[in-house]
Amino acid sequence: MKRCLIVDDSRIIRRVAAKIMFELGFEPDEAENGRKALEAARVRMPDVAIVDWDMPVMDGLAFVVELRRLPEGGKPRVIFCTAENEVQFIERALAAGADEYIMKPFDSEIVRSKLTILGALD
Amino acid sequence: MQPDDFEFLARLLKERSGLVLTKDKGYLVENRLMPLVRTRRHRGIVDMVAALRAGEPALAEAVVEAMMAKDTGFFRDWKPFEHFRSVVLPNLIAARRARRAFRILCAGVSTGQEAYSLAMILAARGDALEGWQAEIVGIDLSAAAVAAAAAGLYSQFDVQRGLPIRGLLAHFRKEDDSWRIAEDLRTRAAFKTWNLLDDLFPLGRFDVVLCRNVLPYFDMQTKFAVLQKLGRSMTDDGVLYVGLQEPLAGVSASFQPVDVRLGIYAAHRPDIARLRSLAAVPAG
């Protein structure tokens with residue numbers, strides 16, 4: 001089963017995203033900040049990462065920059081998933097290495113759509 | 001809802017739009033009509049149907065409008081759009097090189113996402129279509145949907161379904177929490193209120209027609225009539241896209257299948273020898 005890593009400091013968001021990703025055929029792992037997400041990625045690099053922006057300890061932007069520096073760091077499809085919906089944030093996320101971007105609030109249809117765009121669904 | 005009220009509404013919808021309302025769609029009637037009940041300050045659907053029976057003409061139009069299915073999205077089901085991009089568009093450019101013009105019809109365009117998806121594909125061809133007249137016409141029975149399509153303003157939810165984020169940045173401008181299609185794309189498509197039960201002849205001829213997720217709402221007789229009209233409005237080498245898994249076999253002789261699974265059909269012109277459809281995979 002493909003693996004996804006959900007990185008968000010909100011437990012509720014992690015639960016919702018995990019359920020959606022499980023229903024789409026992914027085994028979800030969770031991390032509450034960027035540093036814990038990096039530790040998880042070092043152990044097992046995910047196929048997809050869904051990343052919040054504003055988190056304590058290490059935010060989403062810093063996480064993605066560090067993720068891409070890891071061995072096999074180019075492998076995961078990274079989707080930012082954040083309430084930030086201004087163009088400048090989207091551009092910064094893409095420049096940092098994100099492949100797609102979801103503006104909260106979101107639903108399963110949006111997640112499915114983004115994964116389809118990335119070719120991440122069978 | 002009382003059965004005779006349901007039947008009254010079903011008859012009204014069929015007469016005005018050709019759309020068929022079956023008995024299992026009672027929930028749909030309530031979902032779609034309750035907002036209208038509230039805005040018009042009726043006591044309930046029964047009360048509103050009584051007003052309809054009394055012959056309020058503007059109310060009949062509003063009810064039909066409210067019942068129109070509006071589910072659409074950018075690059076919906078994406079594979080037919082990929083087929084258009086990789087097969088039909090190159091064929092169009094080759095086949096229409098002398099005229100440097102082609103026309104696309106989106107029948108049942110709703111709020112315009114399908115038409116703008118095609119406009120984005122055309123825009124991506126850049127210089128290859130410089131100086132071409134590539135016209136996209138979107139038609140829908142719903143005046144409200146057509147007005148929304150022409151405005152090109154979409155919610156944050158709408159622009160995240162089917163649209164890559166780079167496409168959003170390239171082709172839309174943010175307005176508060178909504179997103180408006182860029183002017184150069186908005187002007188590539190024209191939208192009209194039109195009933196598929198009416199003659200399509202005044203709209204002219206089209207090289208490509210999309211009529212996706214519309215036909216299942218019609219009965220067989222109406223489906224046949226609409227497909228016949230669409231067939232007559234197409235060029236001899238034209239391509240029709242219907243919804244995924246909408247087989248036309250036994251419904252219309254105006255088309256021959258190219259890919260039934262993806263809903264792709266070619267205009268059927270048996271009297272024209274060696275006709276190369278725009279849906280034919282380019283050689284090489």
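## Domains of chain B

The domain assignment splits chain B of this predicted model into domain 1 (3-67) and domain 2 (79-267); such bounds come from an automatic or database domain assignment. Between the C-alpha centres of domain 1 and domain 2 of chain B there are 29 Å. Five residues from domain 1 of chain B and eleven residues from domain 2 of chain B make the contact, where two residues are in contact if their C-beta atoms, placed from the backbone, lie within 7 Å. On the side of domain 1 of chain B that touches domain 2 of chain B, two residues are nonpolar, two polar and one charged. Here Ala, Val, Leu, Ile, Met, Phe, Trp, Tyr, Cys and Pro count as nonpolar, Asp, Glu, Lys and Arg as charged, and the others, Gly among them, as polar.

A note on conventions: residues are numbered from 1 along each chain as its sequence is written, and chains are lettered from A in the order in which they are written. In this predicted model, local features need pLDDT of at least 70 and side-chain atom pairs count only at pLDDT 80 or more, while totals for chains, interfaces and linings use all residues.

## Overall build of chain B

Chain B holds ten helices and ten strands; these are DSSP runs numbered from the N terminus, with helices being H or I of at least four residues and strands E of at least two. The C-alpha atoms of chain B fill a box of roughly 65 × 50 × 30 Å along the principal axes. Its radius of gyration is 20 Å, which agrees with the value near 19 Å for a compact globule of 284 residues; the radius is taken over C-alpha atoms, and the globule rule is 2.2 Å times the number of residues to the power 0.38.

Of the 284 residues in chain B, 39% are buried. A residue is buried if 20 or more other C-beta atoms lie within 10 Å of its own, exposed if 12 or fewer, and partly exposed in between, with C-beta atoms placed from the backbone. Among contacts in chain B between residues at least 6 apart in sequence, 72% join residues at least 24 apart.

## Strand 1 and its partners

Strand 1 (residues 101-107) of chain B is largely enclosed by the rest of the structure, because six of its seven residues are buried. Strand 1 of chain B runs parallel to strand 2 (residues 133-140) of chain B, with seven bridges joining them; strands pair if DSSP finds at least two bridges between them. The path between these two strands of chain B goes through helix 6 (residues 113-124), in a right-handed β-α-β crossover: with the strands pointing away from the viewer, the path from the first strand over the helix to the second runs clockwise. B:Arg103 has B:Glu135 as its bridge partner in strand 2 of chain B.

Strand 7 (residues 206-211) of chain B is also parallel to strand 1 of chain B, through three bridges, and there B:Val209 stands opposite B:Leu105.

## Where chains A and B meet

Twelve residues of chain A are in contact with nine residues of chain B. Helix 5 of chain A gives the largest share of the chain A side, five residues.

## Backbone details

A:Lys104 and A:Pro105 are joined by a cis peptide bond, with omega about 5 degrees. A:Pro105 sits in the loop between strand 5 and helix 5 of chain A.

B:Arg100 is not a glycine, yet has a positive phi of about 55 degrees. With 13 other C-beta atoms within 10 Å, B:Arg100 is partly exposed.
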